[in-house]
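Work through the exercises below with the sequence and coordinates open. Each task is followed by a solution in steps.

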Amino acid sequence: MVPGLPALAQSIDRRDTLVVAVNEDADVLDPTLARSYVSRIVFAGLCDKLFDLDETLHIVPQLALSYRYEAPTMLILTLRPGVLFQDGTVMDAAAVAYSLKRHLTLPGSARRSEISALDHVEIIDNLTVKLVLSVPSAPFVSQLADRAGMIVSPTAAQAEGADFGQAPVCAGPFRFKERVAQDHITLDRFDGYWDAKSIHFARVIYRPIHDSAIKLANLQTGTVDLAERVAATDVASVRADKRLSISVYDGLGYTAFTVNVGHGTAADTPFGRSALVRKAFELSLDRDALIKVVYNGLLTPLAQGMTASNPFYNADLVPPVRDLAKAKALLAQAGVPLPVALSLTMVNTPDQLQLAEIVQAMAAEAGFDVAIQVVEFGAGIAAEDSGSYQVAANSWSGRVDPDGNLYTWLHTGSALNESHYSNRQVDTWLDAARQTSDAAERKALYRKITQQIAQDLPSIYLFNTAVIVGMNKGIDGFRPVPDGLIRLQGLQRVLP
């Protein structure tokens, strides 16, 4: 028995089945409600989108063949003909209208803020829809290249109601087969898929393995074929193994500490109330040392929610270097008793735990008493949803447009604004950056936004994400798209 996996995965037909190790279990498999990165990986096999991204981050057709603006607030989509949902019903304009309305109106929707500019959808014919926006929205099409653009079967969604996420039905290459929490999610090939010729596996199994050592062992023995988020410290071991290959490239996302500044009673602490205290904490951290020790030097320090490759990146906002004297002076200025108690919520993966322990030691030198709260990924989301946290580590996989990295986390009332940060000036700038298509104007607005966030610190950005995918050398056709998703189209096993 290989550590970390039960017998099921070791008795499957290895020729026709792809086993993918993911870093944690997915949350709900409903594209309207889902929030986790792993759910996006699973959806890449389950739910096609209106548009997709290619390796150069260009928006390319998927369920929609094209788009055009008839006016700044009128977007026309031409849909792909002959597309079926996995229940055999037709994916058409009515289904698109239904899914987009569902994203906007379903209680608990995590997509609502992403497409909040959408006023209504008009059906022109079976393969043409007009999306009528309340205001112009520069990032709108890019949102349709992610979960907001996933179209679900109206028949299945209406029949299953609140249980849709337990047996989702979309228009992707694989249909839902089964799920055992914390063990596996299994998808079977959908023979009615519109691009069936690109699918070379009969089944794909996603296995949550959060322990990096166990993940590496299963990759080395061939129990899993492909592993996302291989630990940076294991890259050399994978490269040295002649049975394996590895793909390492820059992602779109970042890791940050989300601070509870207004979400219930847990925000009523010196850390939640005072930006001076938060700045002192930031100045106690040495980002370069964290990256070197925990991530083998593969990441880049950040002080904003965009990476340097983004055209809207604020080049003047550099991550502050560690300055214990200034950190202590800020705590004295804030007038808080020492040590400042702080609860830090971290997911139970080896890199996160190591990161937490080093942060704990660094912050202690400035006058903080950091208690580490270790949780399973889903429990971490629940704690943020309920406001039962003070500071929580979050790794965001990133979006191609900066709006997708900032608006939903920072705008008052947005779906992922778990800090309950509210700054009306920032809201105004975020709204304006959505509504103008002028690149220079947007860049100036994002400069103001990132500068203000660096002062208020509802999020303390640490570093960018690197996409590290390990594979058996028998797997061919992997595409390194910077969003990090495992696209199954074109993946195949090349047997010796």
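**Exercise 1.** Is Val 340 buried or exposed? Place the residue in the fold and list its contacts.

Solution. The model is a predicted one, so begin with confidence. The mean pLDDT of the chain is 95, and 97% of the residues score at least 70. Residues 1-11 have a pLDDT below 50, and in the model this stretch makes 23 contacts beyond near neighbours in sequence.

Next, locate the residue: Val 340 belongs to strand β13. Its relative accessible area is 2%, so Val 340 is buried, the cut-off being under 20%. Leaving out neighbours within four places in sequence, Val 340 contacts Pro 270, Val 277, Leu 331, Gly 367, Phe 368 and Asp 369. One of these partners, Val 277, is among the buried residues of helix α8 (residues 275-283). At the N-terminal end of α8, Ser 274 acts as a cap, with a side-chain oxygen 3.2 Å from the backbone nitrogen of Leu 276.

**Exercise 2.** Which peptide bond is cis, and where does Pro 339 lie? Then find which residues other than glycine have a positive phi.

Solution. Start from the expectation: most residues other than glycine have a negative phi, and most peptide bonds are trans.

- The bond from Leu 338 to Pro 339 is cis, with omega near -5 degrees. Pro 339 sits in the loop between α10 (324-334) and β13 (340-347).
- Leu 57 has a positive phi of about 65 degrees. Leu 57 is in the loop between β2 (51-53) and β3 (59-61) and is partly exposed at 25% relative accessibility.
- His 420 has a positive phi of about 60 degrees. His 420 is in the loop between α13 (403-410) and α14 (424-435) and is partly exposed at 39% relative accessibility.

**Exercise 3.** What does the side chain of Lys 130 pair with in a polar contact? Is Lys 130 buried or exposed?

Solution. Lys 130 is part of strand β7 (residues 128-133). With a relative accessible area of 14%, Lys 130 is buried. Its side chain makes a polar contact of 3.2 Å with that of Glu 70. Beyond four places in sequence, the residues that Lys 130 touches include Met 74, Leu 75, Ile 76, His 120 and Val 121.

**Exercise 4.** How many salt bridges are there? Why do the pairs of Arg 35 with Glu 418 and of Arg 479 with Glu 55 tie together parts far along the sequence?

Solution. The total is 30 salt bridges, counted with a limit of 4 Å.

1. Arg 35 and Glu 418 form a salt bridge, with their closest N and O atoms 2.7 Å apart. Arg 35 is in the loop between β1 (17-22) and α1 (37-46) and Glu 418 in the loop between α13 and α14, so the pair joins parts 383 residues apart in sequence. Both Arg 35 and Glu 418 are buried.
2. Arg 479 and Glu 55 form a salt bridge at 3.7 Å between the closest N and O atoms. Arg 479 is in the loop between β17 (475-476) and β18 (492-493) and Glu 55 in the loop between β2 and β3, so this pair ties parts 424 residues apart in sequence. Arg 479 is partly exposed at 24%, and Glu 55 is partly exposed at 35%.

Conventions: Residues are numbered from 1 along each chain as its sequence is written. This is a predicted model: local features need pLDDT of at least 70, side-chain atom pairs count only at pLDDT 80 or more; totals for chains, interfaces and linings use all residues. Side-chain values use heavy atoms; hydrogens and water are left out. Helices (H or I, at least four residues) and strands (E, at least two) are DSSP runs, numbered from the N terminus. Buried means under 20% relative accessible area, exposed over 50%, partly exposed in between (1.4 Å probe, protein chains only). A polar contact is a pair of N or O atoms within 3.5 Å; within protein, one must be able to donate a hydrogen and the other to accept it, and residues adjacent in sequence count only if both atoms are side-chain atoms. Contact means heavy atoms within 4.5 Å. pLDDT is the predictor's confidence in each residue, from 0 to 100. A salt bridge is a side-chain nitrogen of Lys or Arg within 4 Å of a carboxyl oxygen of Asp or Glu.
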